[in-house]
Amino acid sequence: MRILVLGDSYCPSERFRTAFARLDGASVEFDDLEDEPGWRPETPSERRISEVLGSPEQVIARLDGQEILVVQGAPVTDAVLDSAPIRLVAVARGGPVNIDLQAAAERGIPVVTTPGKNANAVAELTIACLVLLARRAVDAIRWIDGGGEFALDNYEGARWLGHDLAGHTLGLIGFGQVGRRVAARAAAFEMRILAHDPYMADDLVREGGAEPAGLDALLREADHVSIHARLGNDNRGLFDARRFGQMKAGATLVNTARAELVDEAALHDALVAGHLSGAAVDVATGRVAGAAHPLVGLPNVVVLPHIGGATVDTLETGGRLAAAEVRRFLEGQPLVNVANRAALASLGGPSR
Ligand SMILES: NC(=O)c1ccc[n+]([C@@H]2O[C@H](COP(=O)([O-])OP(=O)(O)OC[C@H]3O[C@@H](n4cnc5c(N)ncnc54)[C@H](O)[C@@H]3O)[C@@H](O)[C@H]2O)c1
């Protein structure tokens, strides 16, 4: 069976080479797409996908009869699926937003994903943000970078009096791969952990070391709120002025999930009013050309350029998890993480 491993500017196929080197009975080809920032979705299939790197035309040009397509950010549309005898798509990310799952299901093609590939990295960054916010460390760093005097005496830290994480309450919004790992790490910091996830059974939340909580109660009680929900139609703009108003005075917000979950103007206002004492966002909306981003430079606010999952380890883990699914497919074993399982079942299962 022929496999095409298609990398992109974020995750070059080179990162997958070791993982795909030992697949018996398969011939593996590696190629990479170039960025195509000017590409805009036009067809209905193209409009069903997002967060793509490259364009469908580039993918089509690189397919040459392969039956298994492995991607990270490459777009996989109906036209892509019709351009080769594809029997399996493996996407090395948790949310297969760059794949037209509906088109794949209609063609009987399973789409497998690699849930949790980023989870350790994002969880570690979340903990780092919590420590930075609780200790006002970013302001202290800015002070020194700005020429502020230091090493004056043993008591100068009084200026930056913060809080421990130990003994304080962390509220997690979303208890999936990342949320659960944040809980494990926060437990080691001796935090009390609440979690709100309307799609997760309370027992699973408790098994993960958190107390299940309604959103209102969580916002009332948490000293730090950290967002780990997947973006869906039910939670766009979930954190708006009303939700910030429900948070404890002096609480902080961490968002390493998706920018669209937060109304950034409302977050700005809650920070400037002093109701929130700090925030860290790894997923801000882009700045308007020529204008300053409203959150950048605010006291005790950390803005990061979407580095949550950006580690060498996550890319290689993605390759390993994708290769494991491909191996199962080649050996006729059941696939584990099939993103379009329900649609495939309702349409009669894999056909190719
Ligand atoms: N910053 C980064 O680089 C980076 C990297 C990886 C993932 N992410 C983002 O982090 C988030 C978590 O990723 P994950 O791998 O844990 O996803 P996941 O799918 O494993 O878990 C997401 C959880 O969110 C829950 N959820 C959905 N809607 C919700 C709502 N309205 N309120 C509360 N919970 C809700 C789901 O039930 C699920 O348990 C996602 O938004 C993902 O896009 C960011």
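User: Happy to start in the middle of the fold: over how many bridges do strand 6 and strand 7 pair?

Analyst: In this predicted model, Gly-171 stands opposite Leu-194 in strand 7. Strand 7 is mostly covered, with four of its five residues buried. The pairing of strand 6 with strand 7 is parallel, and the number of bridges is five.

User: Which strand order does the open sheet of seven strands have?

Analyst: The edges are a good place to begin: strand 8 (211-212) and strand 12 (301-303) each pair on one side only. At one of these edges, strand 11 (residues 276-281) pairs with strand 12 in the parallel sense over three bridges, and Val-281 stands opposite Val-303. With parallel pairing, the sheet has the order 8-7-6-9-10-11-12.

User: At about what angle to strand 7 does helix 7 run?

Analyst: Helix 7 covers residues 177-188 and lies across strand 6 (169-173), strand 7 (192-196) and strand 9 (224-227). Relative to strand 7, the helix runs at about 170 degrees.

User: Which helix gives the most to the shell around the ligand?

Analyst: There are 33 residues around the ligand, and Gly-174, Gly-176, Tyr-199, Gly-308 and Gly-309 come nearest. Helix 5 and helix 7 each supply at least two residues of this shell. The one that gives the most, with three residues, is helix 7.

User: Which helix gives the most to the largest nonpolar core?

Analyst: That core has 52 residues, and Leu-172, Ile-193, Ala-195 and Leu-267 have the most contacts inside it. With 11 residues, the top contributor is helix 5 (residues 119-134).

User: Which residues does Ala-195 touch, leaving out those up to four places away in sequence?

Analyst: Ala-195 is among the residues with the most contacts inside the largest nonpolar core. Its partners on this count are Leu-172, Phe-175, Gly-179, Ala-183, Val-205, Ala-210, Pro-212 and Ala-213.

User: How many residues does the other core have?

Analyst: This core lies apart from the largest one. Cys-11, Leu-88, Ala-90 and Leu-344 are among its members, and its size is 44 residues.

User: What distance separates the centres of domain 1 and domain 2?

Analyst: Domain 1 is made of two stretches, 2-115 and 312-346, while domain 2 spans 119-303. Taken over C-alpha atoms, their centres are separated by 33 Å.

User: Why is one side of strand 2 and of strand 5 left without a neighbour in the sheet?

Analyst: These strands belong to an open sheet of five strands with parallel pairing and the order 2-1-3-4-5. Strand 1 and strand 2 pair over six bridges, with Arg-2 opposite Ser-27. Strand 2 and strand 5 (111-112) lack a neighbour on one side because each stands at an edge, with a single partner strand.

User: Across which strands does helix 12 lie?

Analyst: Helix 12 takes in residues 312-330 and runs at about 160 degrees to strand 4. The strands it lies across are strand 1, strand 3 (68-71), strand 4 (88-91) and strand 5.

User: Is Arg-17 buried, partly exposed or exposed?

Analyst: Arg-17 sits in the loop between strand 1 (2-7) and strand 2 (27-32). A residue needs 20 or more other C-beta atoms within 10 Å to be buried, and 12 or fewer to be exposed. Arg-17 has 15, so this residue is partly exposed.

User: How far apart in space are Arg-17 and Arg-320?

Analyst: In sequence, Arg-17 and Arg-320 are 303 residues apart. From C-alpha to C-alpha, their separation in space is 9.7 Å.

Note on methods: Residues numbered from 1 in each chain as written. Predicted model: local features only at pLDDT ≥ 70, side-chain atom pairs only at ≥ 80, totals over all residues. Core = buried A, V, L, I, M, F, W, Y, C linked by C-beta atoms within 7 Å. Contact = placed C-beta atoms within 7 Å. Domains from an automatic or database assignment. Pairing = 2+ DSSP bridges. Axes fitted to C-alpha atoms, helices over the stretch in contact; angles between N-to-C directions. Near = placed C-beta within 6 Å.
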